[in-house]
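Visitor: I'd like a close look at one part of this protein, taken slowly. Could you start with one loop residue and its surroundings, and then walk me on to the other spots worth a look?

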Amino acid sequence: MPVRVTYNSPVPEGKPFTVAQLRTINFGKLVERDPQEAAKLLEAGEKDGFFYLDLTTPASKGLWKDYTACLEVLKKWFDTPLEEKTQYAYGSDVQGYKPIGTQTGATEKSKDGFETLRIAQTGLAWQNQPLPAAVLDQSTLFNDFIDKTRYHVIQLLSSFSDAMGLEGDDRFERKHPDNRPSHTSMTFHRYNKLGARDVSNVGHNKHTDISSIAFLFAQQWGLQVPSTTSENSWDYVRTQPGFAICNVGDSLRFLSGFRLRSVLHRVVPTVEMEQTHRYSVAYFTRPVDGTTFKDSEGRIISIQDWFEKKFDIYRASHEEQRKNTMLTGGIEDAKARARIHLREEIQI
Ligand SMILES: O=C(O)CCC(=O)C(=O)O
Ligand SMILES: [Fe+2]
């Protein structure tokens, strides 16, 4: 029986849709080093690869509030003319502006439907690729937001290490020291509403993330993960205020010897996006430069190489993307897909 709900639907009224049921991890309990919560985190990492992180306790230091304040700044900035925004398009995949349509879209032959402003880990201070004044004028706010998000991610990495019994240099957080360069980046996305993009610009094609952990703030429908039950069908990920949506990326999958799951996901236009832009903010945490691991093609590869190859694949044609395991990490077969433990059928 469909469940009655009170929130908006991603699809036109009366049409059914399915929602992935993810585990929720309490950040406060991880900080207290509660072994049961760390075990639950490990289970979420092994089985689903995606989980909610409850940021509503004091342990989160007001992170959600910082996110909403930064988002307001970016919403205004995204509304400035394209010529203004392209001044910040440095061709970098960690810093500055990316216009719409540079990657493949969610449907065959389409291009992506989102623009981004990226802030590299130390990017607020970069003189050679400066960020827009709107961001630099609020650098304390943005620095706080990045630092607090990072604090959460390092805790997650440390809790994964605890739950897996890792010691010394094998611990995941040890691959992410603050004082070494990395390709970590805070990324603000705007998925343009229908009138503000070409119809051939469609969402964000299926992929796994390069990151060790991707830490997502979103308040609107659009994100999907593969359905547990049928090939080629997808479940929506529900957003909840005060909760981040976290996922394991390729780097952590590889560093964990394939024990943790890096899950396929994509973003599709929703009914809301006929009228309204969709915004999401992702902190893509990447191990420091020089970190190596065995990838899904069996090669020993550095994080910088994986990063470059993966971005080439994000930009390649759909046909090119199908030629190897880089885009999806080789996890598209039915067995690998059928892991997220429950789903809910909904009709509004
Ligand atoms: O916008 C989202 O909800 C997810 C974005 C995403 O998957 C990505 O940028 O890698
Ligand atoms: Fe992603």
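Guide: Asp93 has a relative accessibility of 16%, and because buried means under 20%, Asp93 counts as buried. Keep in mind that we're looking at a predicted model. You'll find Asp93 in the loop between helix H4 (82–86) and strand E4 (96–98). Leaving out residues up to four places away in sequence, Asp93 touches Arg118, Phe307, Phe311 and Arg315. With one of these, Arg315, there's also a polar contact between the side chains, at 3.0 Å.

Now follow the chain on to Ser110, which sits in the loop between E4 and strand E5 (114–120). Ser110 has a relative accessible area of 5%, so this residue is buried. Its side chain reaches the backbone oxygen of Thr107 at 2.5 Å. Look at Val202 as well: Ser110 and Val202 are 92 residues apart in sequence, yet their C-alpha atoms are 6.1 Å apart in space. Val202 is also on the list of residues that Ser110 touches, along with Thr104, Gly105, Ser200 and His318, again not counting residues up to four places away in sequence.

Next up is Asn192, in the loop between strand E6 (185–191) and strand E7 (204–207). Its relative accessibility is 5%, so Asn192 counts as buried. The side chain of Asn192 has a couple of polar partners. One is the side chain of Arg190, joined to Asn192 by a polar contact of 2.9 Å. Another is the side chain of Glu115, at 3.3 Å. Glu115 turns up again among the residues Asn192 touches, and so do Ile100, Gly113, Arg197, Met273 and His277, with residues up to four places away in sequence left out.

E6 and E7, the strands on either side of that loop, lead us to ligand 1. E6, E7, strand E12 (265–267) and strand E13 (278–285) each supply at least two residues of the shell around this ligand. The largest share comes from E13, with three residues. The residues around ligand 1 are His189, Tyr191, His204, His207, Asp209, Leu216, Leu223, His265, Val267, Arg278, Ser280 and Phe284.

Zoom in on some of the polar atoms there. An N or O atom in the side chain of Tyr191 is 2.8 Å from an oxygen atom of ligand 1. For His207, a polar side-chain atom lies 3.0 Å from an oxygen atom of the ligand. For Ser280, a polar side-chain atom lies 2.7 Å from an oxygen atom of ligand 1. Taken alone, ligand 1 exposes 300 Å², and the protein buries 94% of that.

His207 has another role in this picture, at the iron ion (ligand 2). The iron ion is coordinated by His207 (NE2), Asp209 (OD) and His265 (NE2), at 2.1 Å. Read along the chain, these donors follow the spacing H-x1-D-x55-H. His207 and Asp209 are both buried. You can also spot His207, Asp209 and His265 among the residues around ligand 1.

Let's finish with some backbone details. Most residues other than glycine have a negative phi, so a positive one is a nice thing to look for. Lys61 has a phi near 55 degrees, a positive value in a residue other than glycine. Lys61 lies in the loop between strand E3 (50–54) and helix H3 (63–78), and with 48% relative accessibility, it counts as partly exposed. Phe258 is another case, with a positive phi near 70 degrees. You'll find Phe258 in the loop between helix H7 (250–255) and E12, and at 36% relative accessibility, Phe258 counts as partly exposed too.

One last stop is helix H6 (residues 139–163). Here's a neat check you can follow: at 1.5 Å a residue, its 25 residues should span 36 Å, and the end C-alpha atoms are 36 Å apart, so the two values agree. Just after H6 comes Gly165, which takes a positive phi of about 70 degrees.

How values were computed. Residues numbered from 1 in each chain as written. Chains lettered and ligands numbered in written order. Predicted model: local features only at pLDDT ≥ 70, side-chain atom pairs only at ≥ 80, totals over all residues. Heavy atoms only, no water. Helix = DSSP H or I, 4+ residues; strand = E, 2+ residues; numbered from the N terminus. Buried < 20%, exposed > 50% of the residue type's maximum accessible area, 1.4 Å probe, protein only. Polar contact = N/O pair within 3.5 Å; in protein donor to acceptor, adjacent residues only side chain to side chain. Contact = heavy atoms within 4.5 Å. Donors = N, O, S within 2.8 Å, 3.2 Å for Na, K, Ca; no water. Expected span 1.5 Å × (residues − 1). Near = heavy atom within 4 Å. Areas by Shrake-Rupley, 256 points an atom, 1.4 Å probe, with all protein chains shown as cover.
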